[in-house]
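Biologist: Please walk me through this model. I will ask short questions, and I want short reasoning.

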Amino acid sequence: MIKPNIYISSCLLGEMVRYDGNHKRSDLIVNQLQQHFNTLSICPEVGCGMAVPRPPISLVQAPASIEIREVAPPHRDHSSVMRRFADDAITSQPQLCGFISKSKSPSCAQDDTPIKRLELNGQLSTTRAISAGFFTRWLKEHIPFVPMIDERQIEQQEERHRFFLHSFTLARLYETLKQQPDNGLRLFHHRHRGLLLALSPNLFKELSARLELVSQAKQPLNFYLKVLGQILTSPFNVEQAFAALEKSSESLQTSQRSALRLIIRSLQRQDRDQWISLLFFQHLATLINQFKLEGLTETPLFMPYSSELLLADI
Ligand code: SF4
């Protein structure tokens, strides 16, 4: 079974690496999610050589950029060293499929760390602005196709399933490329056609155009990954999903096609307002399991990530 490589903030795994010498262990991540991934623990602050415990740091607005500095004067600047650490974190994991990070951290947060301002009197003052943490910002800028989420967002069912979908799809891509270096990208594209069409038919056309350029080595893989990431974060639309399901049923054997069409009809009879989210796929996969439609459970459209995660009662 595929296990995506993901970074997880070390303090969420229970490691005592925080500035105050404590941790922020998440039971959900440690007890229920971690086992499904190839977990790479990462603490950017310790990775940059900071001690435990250490002086607190903060994001600080500089004229041309945001820096990461110690809160207490003389506000030592750790920006360059953390940029280098983030670069290493990217290059050392070329098959990274996700990052689960600690919220509100000046290094790891997704989008909720306050930015302070350095006043003429040498003190830091509070502003209303918020941002991703310094390390996470660097990752978002350089590998925007990698899904990222914090420990609070991952408690939300929809956001959690979106992260799984994205992360496992990337992992399948890397695995296919590993097994078939020459033809893997085309194979991945073909196998994921239904899923990607269900999420965004328009972007799928652009992705198909990019497929040729990357397959012929005229563009790097990231050229393809960028649009793939946009598709995997597209808003869910149930009409598109039904159209992709109908299309997929055409290539099935007669008995499976009939069973799938029965499932589609039963879903279409239900109130469509409830199918506003990716949980549509979860419900679909449950039905496919109930109907014992073997073969379909290996199709990414119907089983986009590990079934244990899909059915877990979190
Ligand atoms: S939030 Fe990030 S930088 Fe802070 S202790 Fe946790 S892993 Fe380390």
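The questions below cover the core, the ligand shell, the domains and the strands.

Biologist: Which helix gives the most to the largest nonpolar core?

Modeller: Keep in mind that this is a predicted model. Its largest nonpolar core has 74 residues. Those with the most contacts inside it are Ile100, Leu139, Leu207 and Ile231. With seven residues, the helix that gives the most to this core is α5, residues 157–179.

Biologist: Which glutamate does Ile100 touch, leaving out residues up to four places away in sequence?

Modeller: Ile100 touches several isoleucines, including Ile6, Ile8 and Ile29. Ser9 and Leu12 are also among its contacts. The glutamate is Glu151.

Biologist: How many residues of the shell around the ligand are charged?

Modeller: The residues around the ligand include Cys11, Cys43 and Cys108, and also Ser9, Ser10, Ser105 and Ser107. Arg18, Glu45 and Lys102 are there too. The shell divides into five nonpolar and four polar residues, and the charged ones number three.

Biologist: How far apart do the C-alpha centres of domain 1 and domain 2 lie?

Modeller: The domain assignment gives domain 1 as 5–155 and domain 2 as 238–311. The distance between their C-alpha centres is 38 Å.

Biologist: Which residue is the bridge partner of Leu59 in β6?

Modeller: Strand β3 (residues 57–61) runs antiparallel to β4 (residues 66–70), with five bridges. There, Leu59 has Ile68 as its partner. β3 also pairs with β6 (residues 113–118), in the parallel sense, over three bridges. In β6, Leu59 is partnered by Ile115.

Technical notes: Residues are numbered from 1 along each chain as its sequence is written. This is a predicted model: local features need pLDDT of at least 70, side-chain atom pairs count only at pLDDT 80 or more; totals for chains, interfaces and linings use all residues. A nonpolar core is a set of buried Ala, Val, Leu, Ile, Met, Phe, Trp, Tyr and Cys residues joined through C-beta atoms within 7 Å. A residue is buried if 20 or more other C-beta atoms lie within 10 Å of its own, exposed if 12 or fewer, and partly exposed in between; C-beta atoms are placed from the backbone. Helices (H or I, at least four residues) and strands (E, at least two) are DSSP runs, numbered from the N terminus. Two residues are in contact if their C-beta atoms, placed from the backbone, lie within 7 Å. A residue is near a molecule or strand if its C-beta atom, placed from the backbone, lies within 6 Å of it. Ala, Val, Leu, Ile, Met, Phe, Trp, Tyr, Cys and Pro count as nonpolar, Asp, Glu, Lys and Arg as charged, and the others, Gly among them, as polar. Domain bounds come from an automatic or database domain assignment. Two strands pair if DSSP finds at least two bridges between them.
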